[in-house]
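Q: I'm new to this structure and would like a close look at one part of it. Could you pick a single buried spot, walk me through it, and then show me what else is worth seeing in the model?

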Amino acid sequence: MEVGDRISALPDAILHQILSDADVQTAVQTSVLAKRWRYVWTSLPNLELDHKDFFTRREEDRGLPLDTKLRRFTHFVDGVLSRRDNSDLCALTLVCPCDKVDPSIIIEKCLCYAVRHNVQRLYLWVTKGGERFEFPSCLINCVSLQVLKLKCSGITSLDNPLHYWPPLRLPMLKILHIQKFWDSANFIAGTVEHCPSLETLILDGIGTYNLNITAPKLRRLDIFYETHGLRGSLHYESVVAISAPRLTSFKLRGNYVSPVFSTVSLPCLAIVYIDLGPKGAPGNEDRFPLDVMNMLGRLGEAKYVTLSSKTLQVLAKDPGLLKSHPSPFHQLKQLKLTQPMECSCDYFYDGQCSSVTLPLDVISYLTQGSLSGGTLVVTPEVAISPWL
Amino acid sequence: MASSIENNNEKLTLKSSDGEEFLVEKHVALQSTLLQNMLDSDCSSADVIPLPKIDARTLALVLGYCKKHADASSSKQGELNSFDSEFLKDMDMGALFNLVLAANFMEIKGLLDIAAQKIADTIKDKPHQEVREIFHVENDYTPEEEAAVREENRWAFEGFP
């Protein structure tokens, strides 16, 4: 086998992939290896700037005071931005708190740098002080952005709007993924309305009284309501109105939220996942089963439906309603019912599903509308977490 | 993809830089975007596809990877992951670089990803002199030049010796 300097002979594109698989600090430090390496890092198309990673590499850094760490991190990010060459950025990941002056400035600097360099994918996680974070105006109208993932820790209540975010207007945005967000001023609805290319919308851990989704190209919509919030914000009614004619997949989860659901027809709908209950909002507890049935009725085109055991229990609460309501699904191919994990060992004794008690009136309500023979599957509940 | 299943039994011949021929099932070859594009555009009318930059030892490794990934069903992701981590284990650096270049040339993304990750892990958290020794990188900076490069990027060395 030949020896010699194989790594320095690799084309820049492969070296960039290797350096991106390391971390940005390691990448910059390779500049001292030899002349070939001096500027390789400066055209890295993907940057991952994470203040938490930054101080886990060496034992002696871990005990540094937070202020020192943040100062070094912002100094480092500043260096990367000022020494990087002028090539486009494909993806930027920025994980940083917003509760100190320096990091707040660096977040804005990074975002504006990314927009100027035609960033396509942006993942921003404001780890602290999310209520202080504001979108820099350069980002609000970014024309290159295709994927935005946003996680903002620190905003914790719907009833206490500390901030107002203007809607983003991103003409190329295809995927929007928002985590941990209490939407008290219709930021989500406004943004969706102004992002006409949107195909995937994932709302993971949100709180909202009113969600109005109008998206002509939307194919996938996940709404997972936040289950841990401030006392008093947990039990509420949430109005969900969807206008998305190309929607194929709809997922909804909420432990104590009662969605009041309306939609125009969803002719392309194939996949539905519903996990609601055990309780609705105080004051409409009696109406909760009806609200859920009305929602299922609106999702009638679905072919692959998954319902949680909690949702079945909600439906089982009102047997009279089950009899008087028509079956919601008329093209069902598969109905999957999930059981809570902790009980699964009983259900799956000897590999056999031996002792599941299914509310029969609910099952027949769900299945009798479908002419063709579909399948019924009972599975243990697997934590569904949105991808990306 | 439908056509690849219909023509499952077709085979094609790949020829390495050192002249060895490999008979490959088409669905295995399709793991390579390069070969897929050639097959799609009917550039493969020749009986044998030459791969002038890839030697027989490397090509055998590449095809082993492709076969495993082509044959495994998507439900066996865990099995594939452990295959991937075993695949590069104990591989010498020369073979690893041949593999990276082959994966890059043949456009086999999964293989390029794991090989690049392995090289990245070798660079990470090591003093520069050690990195130079492992990869036979000759330091062609004068001491003054090296100090100057370090100085222009000193914000990346804060706290480092």
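A: Let's start with A:Ser144 in this predicted model. Is A:Ser144 buried or exposed? Its relative accessibility is 13%, and buried means under 20%, so A:Ser144 counts as buried. You'll find A:Ser144 in the loop between helix H7 (137–140) and E4 of chain A.

What does A:Ser144 touch, if we skip residues up to four places away in sequence? The answer is A:Asn118, A:Val119 and A:Gln120. With A:Val119 there's a polar link too: the side chain of A:Ser144 reaches the backbone oxygen of A:Val119 at 2.7 Å.

E4, at one end of that loop, also takes us to the largest pocket. Strand E4 (147–152) is among the elements of chain A that each supply at least two residues of the pocket's lining, and others include strand E1 (46–50), helix H5 (66–83) and strand E3 (121–126). H1(A) gives the most, with six residues. The space in this pocket comes to about 740 Å³. Its lining has 33 residues, and the closest to the centre are A:Ser20, A:Asn46, A:Leu47, A:Glu48 and A:Thr93. Sorted by class, the lining has 18 nonpolar, six polar and nine charged residues.

For another loop, try A:Tyr209, found between strand E6 (200–207) and strand E7 (210–214) of chain A. A:Tyr209 has a relative accessible area of 36%, so it is partly exposed; that class runs from 20% to 50%. Along the chain, A:Tyr209 and A:Val257 are 48 residues apart, while their C-alpha atoms are separated by 9.5 Å.

Now for a helix. Which residues of helix H10 (residues 309–316) of chain A are buried? They are A:Ser309, A:Thr311, A:Leu312, A:Val314 and A:Leu315. As background, an α-helix has 3.6 residues a turn, so residues three or four places apart point the same way. What covers the buried residues of H10(A) includes strand E12 (271–276), helix H9 (288–298), strand E13 (304–308) and helix H11 (319–324) of chain A. Strand E14 (334–339) and helix H13 (360–367) of chain A are part of that cover too.

Finally, a quick stop in chain B. An unreviewed UniProt entry lists residues 109–156 of chain B as "domain: SKP1 component dimerisation". In the model, that span is 69% helix and 0% strand, and its end C-alpha atoms lie 31 Å apart.

Notes: Residues numbered from 1 in each chain as written. Chains lettered and ligands numbered in written order. Predicted model: local features only at pLDDT ≥ 70, side-chain atom pairs only at ≥ 80, totals over all residues. Heavy atoms only, no water. 1 Å grid on protein atoms, 1.4 Å probe; cavity = no way out; pocket = protein on both sides within 12 Å on 5 of 7 lines; lining within 4 Å. Points joined across faces, edges and corners; volume = space filled by probe spheres on them. Helix = DSSP H or I, 4+ residues; strand = E, 2+ residues; numbered from the N terminus. Nonpolar A, V, L, I, M, F, W, Y, C, P; charged D, E, K, R; others polar. Buried < 20%, exposed > 50% of the residue type's maximum accessible area, 1.4 Å probe, protein only. Polar contact = N/O pair within 3.5 Å; in protein donor to acceptor, adjacent residues only side chain to side chain. Contact = heavy atoms within 4.5 Å. UniProt positions renumbered as here; feature names shortened; annotations may be inferred.
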